[in-house]
Amino acid sequence: MREIALYYVNTDSIAGLDIDELMSRERLRRADALGGVKRLSSKAAEVCLCAALMDAGEMPPARYEYAADGSPVLSAPRGVYMSLAHTGSMAACALSEIPVGIDVEAVRRVARGMAQRIAAAWEAVPEGHCAAIRLWTQKEAVIKLRPEGGGTMRSFGVRYPDVVTEDGTVAATLQTLWADGCWQTVAAAEPFGLRAVKLERGDVELMLARARNLRGFCTHDA
């Protein structure tokens with residue numbers, strides 16, 4: 001069974017840190033274009049990616065190509081897939097050797113009509129805000145897993161941990177967890193093990209120190 005690494009961080013815990021140091025100019029430009037809270041949470045998702053890459057022996061900044069839909073794809077290391085998500089004060093990254101999708105959402109009020117638009121015609125409509133947001137993350141993670149053919153939220157159902165079509169065919173597998181008032185869901189086309197890592201302020205401070213030390217070493221060596 002393949003393992004997917006999930007790294008996540010509460011943006012409040014890293015307030016005031018110069019996390020821009022971990023990012024490429026292009027990613028900074030794209031994040032800064034968002035403005036407001038989205039700017040910080042987008043950068044925090046990048047921090048999660050950098051943490052996952054550093055644990056895999058790669059140093060920041062992450063190197064990207066961009067898909068036709070504008071989503072970032074790792075250009076190095078090859079054969080590694082990633083997915084980023086952020087909402088309010090939570091950001092996350094999933095990294096794997098197989099294609100992966102992730103979504104994270106804070107629990108909030110959901111109108112009955114919206115809950116009905118989440119569920120497939122053959123699914124029960126989720127009752128309550130918490131259940132609706134949980135299902136939302138599960139559906140959105142599947143769509144991000146298949147950006148070119150994920151369909152709409154009503155085109156498939158969830159029989160956790162399986163994603164199913166109307167005839168009952170299993171189309172993907174999910175793992176969902178609850179942390180800091182948010183639902184997070186990771187989706188893949190096959191069953192997987194999930195290694196979840198919550199980043200604390202001290203972890204990010206250590207990442208910044210390691211990145212600075214490496215840059216100083218390379219400059220001195222040159």
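## Core, cysteines and overall form of a predicted model

The largest nonpolar core has 30 residues, and those with the most contacts inside it are Leu-49, Leu-74, Leu-199 and Val-204. A nonpolar core is a set of buried Ala, Val, Leu, Ile, Met, Phe, Trp, Tyr and Cys residues joined through side-chain atoms within 4.5 Å. Two or more residues of this core come from each of strand S1 (2-10), helix H2 (36-55), strand S4 (81-87), strand S5 (90-96) and helix H5 (201-221). H2 gives the largest share, 10 residues. Helices (H or I, at least four residues) and strands (E, at least two) are DSSP runs, numbered from the N terminus.

This is a predicted model, in which local features need pLDDT of at least 70 and side-chain atom pairs count only at pLDDT 80 or more, while totals for chains, interfaces and linings use all residues. Residues are numbered from 1 along each chain as its sequence is written, and side-chain values use heavy atoms, with hydrogens and water left out.

Leaving aside neighbours within four places in sequence, Val-204 is in contact (heavy atoms within 4.5 Å) with Ile-14, Leu-17, Ile-19, Val-47 and Leu-199. A second, separate core of 17 residues includes Tyr-8, Met-90, Ala-94 and Ala-188.

The structure holds zero disulfides, a disulfide being a pair of cysteine sulfur atoms within 2.5 Å. The table describes two cysteines; buried means under 20% relative accessible area, exposed over 50%, and partly exposed in between (1.4 Å probe, protein chains only).

| Cysteine | Closest cysteine sulfur | Relative accessible area |
|---|---|---|
| Cys-50 | Cys-93, 8.9 Å | 1%, buried |
| Cys-130 | Cys-182, 11 Å | 34%, partly exposed |

Cys-50 forms no bond with Cys-93 because their sulfur atoms are too far apart.

Thr-11 lies in the loop between S1 and helix H1 (25-32). Thr-11 is buried, at 3% relative accessibility. Not counting residues up to four places away in sequence, Thr-11 touches Leu-40, Ser-41, Ala-44, Gly-88 and Ser-89.

The protein as a whole has five helices and 11 strands. Its radius of gyration (taken over C-alpha atoms) is 18 Å, close to the 17 Å that the globule rule (2.2 Å times the number of residues to the power 0.38) gives for 222 residues, so the protein is as compact as a globular protein of that length. Of these 222 residues, 45% count as buried.

The mean pLDDT (the predictor's confidence in each residue, from 0 to 100) is 90, and 95% of residues reach 70 or more. Over residues 217-222, pLDDT stays under 50, and the model has zero contacts beyond four places in sequence for them.
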